[in-house]
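Me: Please pick one small part of this structure and look at it closely with me. Then lead me on from there, step by step, to the other parts.

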Amino acid sequence: MSEDVDRLLDLRGGVARVWTRYTDLVVARASGSWIETVDGERYLDYTCGIGVTNTGHAHPRVVAAIAEQAARGIHLQQNIVFHEPGLRLHERLPRHFPNPRDGDAYALFLANSGAEAVEAAVKLAKYATRRPAIVAFRGGFHGRTHAAMALTSSGVKYRGHYEPLPGSVYLAPFPYALRNPTGRSDEAALRFTLDALDELFATLVYPEDVAAFVVEPILGEGGYVVPPDGFLPALREIADRHGILLAVDEIQTGFARTGRFFATEWTDATPDIVIMAKGIASGLPLSGILAPSALLDRLEPGAHGGTFGGNAVACAAALATLDVIDDEGLVEAARRQGTRLLSGLRSVAADHPSVAEVRGRGLMVALEFAEPETLKPMPERAKALLAAALERRLLLLTCGTYGQVVRIIPPLNTTDDEVDLAIEIIGESLGAD
Ligand SMILES: Cc1ncc(COP(=O)(O)O)c(C=O)c1O
């Protein structure tokens, strides 16, 4: 190993300890589904940088768009001027609004991170409705700024010791069939959630004081939990009844990840606000919210904003990302490869009783580990699988409140051979129950 590489490895000690760290790999380059370390080892990256590089690492069209825009201007500030990639993105992204209503026009507000987009959605909902309260769902993860933390309950580490958080946030159960206290079926889980909402409105907050439901269409950090199909439509109906806005947090589920452009499209529910980040620009920091123009434009000039929002280079990367999703058919690819991955994983996990469930939608796939009789979470099994897969040069992540779920997040243009390799490695890495 050269002295330079040695020195680089030593510098790892200078990075803040607050970053949860899955590996200590130092990457020299990354391309498609693969990363290569400074010591020349290649890893199949099925983390996608936590669901960001949906088009694969350094897609040539994204790289070219970034380089071209950087040479023409990097920071062309939104309050001061318009720029070409931004204008094109404001035309193009609203066309993806899920289940649009006839006659509604949709508009876009851009920010930088997921949490920042969540803040924008909460501010818009409060500003437009002049109502104080937000209802979010247990197990949800919405980010690390103060309002986003208040909506987050996927793990105490995300909010504990930061009290007081913004008030008037109420948490209802997310329908999680495997762990539903009234029975392990979708029907029972949905009933449990809807009854809890009734009880919430009867005991803690009047529905007419609620500005918005903020909900992930599929729980991400909280365990890759796919709710019953009736969940979002039921929230839509309750929202309509009480003048509540429905804000869907598509930060992890968006940009073709689940085999639809947005996961909300697996249902017929029309949201009021779509919150986006992660996959939007293949890795450049960009986020935003989509909403009907009539709602978004209730925010007066200056009521919200930010220096970097809608950065020109990030917008150029987002346009190239949309081109790649279209031209490479990544919505269909996610569905096709998701089916391949799910069925392969179900077969390698079949004789492992500690795998309580293999679930997912599109290429948002997970294995949950639990003791067979009691369903006691088994985070140690998830951790062991990650370590064994890492030894075999496959990168995976955990999620779930107890870290008992292994999530598999491949790039959407991953190949059949790569999917099969991942299944084989996971099969070998499952170890003995
Ligand atoms: C569903 C969801 N919402 C919000 C966030 C926060 O995004 P960011 O980390 O970009 O602030 C995340 C990040 O994991 C997420 O998965």
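**Starting at one pair of residues**

Reply: Let's begin with tryptophan 34, which stands opposite leucine 44 in E3. What you see is a predicted model, in which local features need pLDDT of at least 70 and side-chain atom pairs count only at pLDDT 80 or more, while totals for chains, interfaces and linings use all residues. Residues are numbered from 1 along each chain as its sequence is written, and side-chain values use heavy atoms, with hydrogens and water left out.

Now look at the strands around this spot. Strand E2 covers residues 34-37, and strand E1 covers residues 27-31 (DSSP runs: strands E of at least two residues, helices H or I of at least four, numbered from the N terminus). E1 and E2 pair in the antiparallel sense over 4 bridges (strands pair if DSSP finds at least two bridges between them). Within this pairing, arginine 29 has glutamate 36 in E2 as its bridge partner. The two strands make a hairpin with 2 residues between them, and in its turn glycine 32 shows a positive phi of about 60 degrees.

Moving on along the chain, E2 is also joined to strand E3 (residues 42-45), by 3 bridges, and these two run antiparallel. Here again there is a hairpin: 4 residues lie between E2 and E3, and glycine 40 in the turn has a positive phi of about 85 degrees.

From here, let's step to the open sheet of 7 strands, which has the order E4-E10-E9-E8-E7-E5-E6 and mixed pairing. Strand E4 (106-111) and strand E6 (169-172) are the edge strands, each of them pairing on one side only. From one strand to the next, the twist averages 20 degrees (angles run from 0 to 180 degrees between N-to-C directions, with axes fitted to C-alpha atoms, for helices over the stretch in contact). Inside the sheet, strand E8 (residues 245-249) and strand E9 (residues 273-276) run parallel and are joined by 3 bridges. One place to find this pairing is aspartate 249, whose bridge partner in E9 is isoleucine 275.

Helices pack on this sheet too. Helix H5 (residues 114-129) touches E4, E5, E7, E8, E9 and strand E10 (287-292) (contact means heavy atoms within 4.5 Å). The direction of H5 makes about 30 degrees with that of E10. Helix H8 (residues 231-242) packs on the sheet as well, touching E5, E7 and E8, and its direction makes about 175 degrees with that of E7.

Next comes another open sheet, in which 4 strands follow the order E11-E12-E15-E14 with antiparallel pairing. Strand E11 (355-361) and strand E14 (397-399) each have a single partner strand, so one side of each is left without a neighbour in the sheet. Direction ignored, neighbouring strands of this sheet are turned by 25 degrees against each other on average. Strand E12 (residues 364-369) and strand E15 (residues 405-408) run antiparallel and are joined by 4 bridges. Among the residues here, valine 365 stands opposite isoleucine 408 in E15.

Now for helices that meet each other. The axes of helix H3 (residues 60-72) and helix H10 (residues 312-327) come within 8 Å, crossing at roughly 155 degrees. That makes H3 roughly antiparallel to H10 (over 145 degrees; under 35 is roughly parallel, 65 to 115 roughly perpendicular, the rest oblique). On the H3 side the contact includes Val62, Ala65 and Ile66, and on the H10 side it includes Val313, Ala316 and Ala320.

Helix H11 (residues 330-349) and helix H13 (residues 416-429) have axes that come within 9 Å and cross at roughly 20 degrees. That makes H11 roughly parallel to H13. Among the residues that meet are Leu341, Leu345 and Val348 in H11 and Val419, Ile423 and Ile426 in H13.

Finally, visit a few loops. Most residues other than glycine have a negative phi, and most peptide bonds are trans. Asparagine 99 has a positive phi of about 45 degrees although it is not a glycine; look for asparagine 99 in the loop between helix H4 (84-92) and E4. Alanine 256 has a positive phi as well, near 80 degrees, and sits in the loop between E8 and E9. Glutamate 163 and proline 164 are joined by a cis peptide bond, with omega about 0 degrees, and proline 164 lies in the loop between helix H6 (146-151) and E6.
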